[in-house]
Amino acid sequence: MKLTILGCYSATPRILANPTSQVLESQGHMFLIDCGEGTQVQLRKHKIKFNRIKHIFISHLHGDHFFGLVGLISTFRLLTRETDLHIYGPKGIKEVVTLQMKLADSWTNYQLIFHELTSKESELIFEDDKMEVHTIPLNHRVYTNGFLFKEKEGKRKLNIGAVEEANINVAYYRKLTQGFDVVNEDGINIKNESVTKPGDKPKSYAFCSDTMYKEDIVSIIENVDVLYHESTFLETQAHLAPKTKHSTAKEAATIAKKANVGKLLLGHYSTRYKDLNGFKIEAEEVFDSVELSEDGKTFEF
Ligand SMILES: [Zn+2]
């Protein structure tokens, strides 16, 4: 998986601080997660091909997470896009997008397919033969979901020496990678595990923004390779977190620790902080594998 942070700040866009948006590349997909104002400029800046984006996931309808969406949809049309575009987000997202287009007498030459979310329980919202995406219900001032991206178990790998020694016809190699037992040239049944090894470990990524501390997401995101969890505030402003339904760096780290994740990425920083190091320092008091998201930074895992 490769994650590119296009923006990781809260509230208003600034010269060096873009609102939330990220791109996750996995198994041939290019998923866009949130689409704050300026996302299309960031996509260009980081040379991400617009036509590779087929699925957009919007966590909630606060402006710093979706004000870039209508602009991007409009640009797709100007670029003569024909591929379907799937948009997953809270109920109302279809209305807000189509109203803006209707009043501008605008349209798309491609199909816009909305998947409006209302459930307060985690649900499977996308699946193909290689990936699954589930919602992570969060606790914010408006209806909000995070998203869990999970690769499926990959194909098994052949242990070539063992396969040859077992006298298996090449025509059966494909079946072996799919996990089946096969019969060799001598008519003997060969157990799959004796001639193959497991494929690459499936990777997973959880995106959780915006939310106040919500411990019951732990069971959904347990053991993910990377967790992005919002950390809007430092301890000095901790009193603002429950009021605004956001989290502190320490709370994000507590969730990461309880969920036993591989790595925690912090983000959604309040623009009141000039130096981000405080976020890392405070989170590391609780959990030791912490990195700071920064606009333009990529993470491969
Ligand atoms: Zn918000």
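## A zinc site and a seven-stranded sheet

Let's start at histidine 62, which sits in the loop that runs between strand E4 (53–57) and helix H2 (63–66). Keep in mind that this is a predicted model. From histidine 62 we can move to the zinc ion, and then on to an open sheet of 7 strands.

**Histidine 62 and its surroundings**

- Is histidine 62 buried or exposed? Its relative accessibility is 17%, and because buried means under 20%, histidine 62 counts as buried.
- The side chain of histidine 62 makes a polar contact of 3.3 Å with the side chain of histidine 60.
- Leaving aside residues up to four places away in sequence, histidine 62 touches His140, Arg141 and Val142.

**The zinc ion**

- Which atoms coordinate the zinc ion? They are NE2 of His60, ND1 of His62, NE2 of His140 and OD of Asp210, at 2.2 to 2.4 Å.
- The angles among these 4 donor atoms run from 86 to 176°, and the site is irregular.
- Along the chain, the donors follow the spacing H-x1-H-x77-H-x69-D.
- Histidine 140 and aspartate 210 link distant parts of the chain, 70 residues apart. Histidine 140 belongs to the loop between strand E8 (131–137) and E9, while aspartate 210 belongs to the loop between E14 and helix H8 (218–221).
- Both histidine 140 and aspartate 210 are buried.

**The open sheet**

- In what order do the 7 strands of the open sheet come? The order is E7-E8-E9-E14-E15-E16-E17, with mixed pairing.
- Strand E7 (124–127) and strand E17 (290–292) stand at the edges with a single partner strand each, so one side of each has no neighbour in the sheet.
- On average, neighbouring strands of this sheet are turned by 20° against each other, direction ignored.
- Helix H11 (residues 277–284) packs on the sheet, where it touches strand E16 (263–267) and E17. The direction of H11 makes about 170° with that of E17.

**Strand pairs to look for**

- As background, strands of a sheet pair through backbone hydrogen bonds, either parallel or antiparallel.
- E7 and E8 pair in the antiparallel sense over 3 bridges, and a hairpin joins the two through 3 residues.
- Within this pair, phenylalanine 126 has valine 133 in E8 as its bridge partner.
- Strand E9 (residues 145–151) and strand E14 (residues 204–208) run antiparallel and are joined by 4 bridges.
- Here phenylalanine 149 has tyrosine 205 in E14 as its bridge partner.

Technical notes
Residues numbered from 1 in each chain as written. Predicted model: local features only at pLDDT ≥ 70, side-chain atom pairs only at ≥ 80, totals over all residues. Heavy atoms only, no water. Buried < 20%, exposed > 50% of the residue type's maximum accessible area, 1.4 Å probe, protein only. Polar contact = N/O pair within 3.5 Å; in protein donor to acceptor, adjacent residues only side chain to side chain. Contact = heavy atoms within 4.5 Å. Pairing = 2+ DSSP bridges. Axes fitted to C-alpha atoms, helices over the stretch in contact; angles between N-to-C directions. Donors = N, O, S within 2.8 Å, 3.2 Å for Na, K, Ca; no water. Tetrahedral: all angles 85-135°; square planar, octahedral: opposite > 155°, others 65-115°.
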